[in-house]
Amino acid sequence: MEISGKTRVLGLLGHPVAHSLSPFIHNMLAQRLNDDVVYAAFDVAPQHLEKAIQGAHALGVAGFNVTHPHKTAAAALAIRLHESARRANAVNTLKYTPDGYLGYNTDIIGIQRAFAHQNIVVAGQTIVLVGAGGAGRAATIAVAEMGCKKLVIANRTRDNAQKLADMLKRDYGTEAEICDISMVKHKECDVFIRSVPQNIAHQPRQYDIIFDMNYFPQKTKSGLLMLIYQAVAAYEIFHDTTVPQDIVDELIASLI
């Protein structure tokens, strides 16, 4: 792809970002779909995020994906939030408008599509979730929308887990239980979801289905599928388009 004065700029905001596969994914999609855009990663420390977003908007940067540790802060900096971002209280996609960036959350649909890709049944199931941060909240919403029967939430900070459980009961009427992270191995469930690094959430007992949201450094299949599908959803938002499934399949084959 030839970069010209008409090429639009997109990027990733996070800290750190050197390991990210997002530039590869978005630039591959742009090449396959013949979109005149270039995507880069920007390592922005938390104290500089607001200035970075303001400066990018002044420069006309078309949009950003947002990753750790900026998802909650980005929600406060968006001019408006899509329903997905409002429910998740986190933003992972910012789309340019003349007045500021609109905030979206594609983690939810990324998780749901990754579940569907692996034929993991959630409806009517009991799920153990480790981690109550931004990724954990997205996972909670995703499985609640898919009809899970009960969610057991384990987190190092009990208050955060309780807030997530309260949201689940209030907004979805789904049964929720709080569990100390040290007791996870004793919990029975149909699906185990890990939304934090493995060194925090030790390998669980003999669960039949483990959905690991991490993709680095372990390069887990679940994490990569979630990354790909949330990126595709963000690409569709950036470009007001639909990515054909054969191109999604090609992207998956190149990474998994």
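In this predicted model, the largest pocket has a lining of 47 residues, and those that lie nearest its centre are T67, H68, K71, A135 and S195. The space inside comes to about 1,400 Å³. Several elements chip in: strand β3 (63-66) and helices α3 (71-77), α6 (134-145), α7 (158-172) and α8 each give at least two residues to the lining. As for chemistry, the lining of the largest pocket splits into 22 polar, 20 nonpolar and five charged residues.

Next down the list is the second largest pocket, with a volume of about 200 Å³. Its lining takes in 14 residues, with H82, S84, N105, T106 and I109 the closest to the centre. Helices α4 (83-88), α5 (107-117) and α8 each supply at least two residues here, and α5 gives the most, with four. By class, the lining of the second largest pocket holds five nonpolar, five polar and four charged residues. Helix α8 thus turns up in the lining of the largest pocket as well as in that of the second largest.

On the closed side of things, the cavity count at 30 Å³ or more is just one. The largest cavity holds about 30 Å³ of space. Around it sit L10, H26, N27, A30, V37, V38, Y39, Y235 and H239. Elements giving two or more residues to this lining are α1 (22-33), β2 (37-43) and, once again, α8. Six of the lining residues of the largest cavity are nonpolar and three are polar, with no charged ones.

That leaves the packing of the interior. In soluble globular proteins, nonpolar side chains tend to be buried together. Here, the largest nonpolar core has 58 residues, and the ones touching the most other members are I111, F115 and I193. Helix α8 (residues 221-239) makes the largest contribution to this core, eleven residues.

I193 is worth a closer look. Leaving aside residues up to four places away in sequence, the contacts of I193 are F115, I127, V128, L129, V130, A139, V143, F211 and M213. F115, one of these partners, is itself among the residues that touch the most other core members. Separate from this core is a second one of 15 residues, including A56, V61, V66 and A74.

Taken together, α8 is a recurring name: it gives the largest share of the largest core, and it also helps line the largest cavity.

Methods:
Residues numbered from 1 in each chain as written. Predicted model: local features only at pLDDT ≥ 70, side-chain atom pairs only at ≥ 80, totals over all residues. Heavy atoms only, no water. Core = buried A, V, L, I, M, F, W, Y, C linked by side-chain atoms within 4.5 Å. Buried < 20%, exposed > 50% of the residue type's maximum accessible area, 1.4 Å probe, protein only. Contact = heavy atoms within 4.5 Å. 1 Å grid on protein atoms, 1.4 Å probe; cavity = no way out; pocket = protein on both sides within 12 Å on 5 of 7 lines; lining within 4 Å. Points joined across faces, edges and corners; volume = space filled by probe spheres on them. Nonpolar A, V, L, I, M, F, W, Y, C, P; charged D, E, K, R; others polar.
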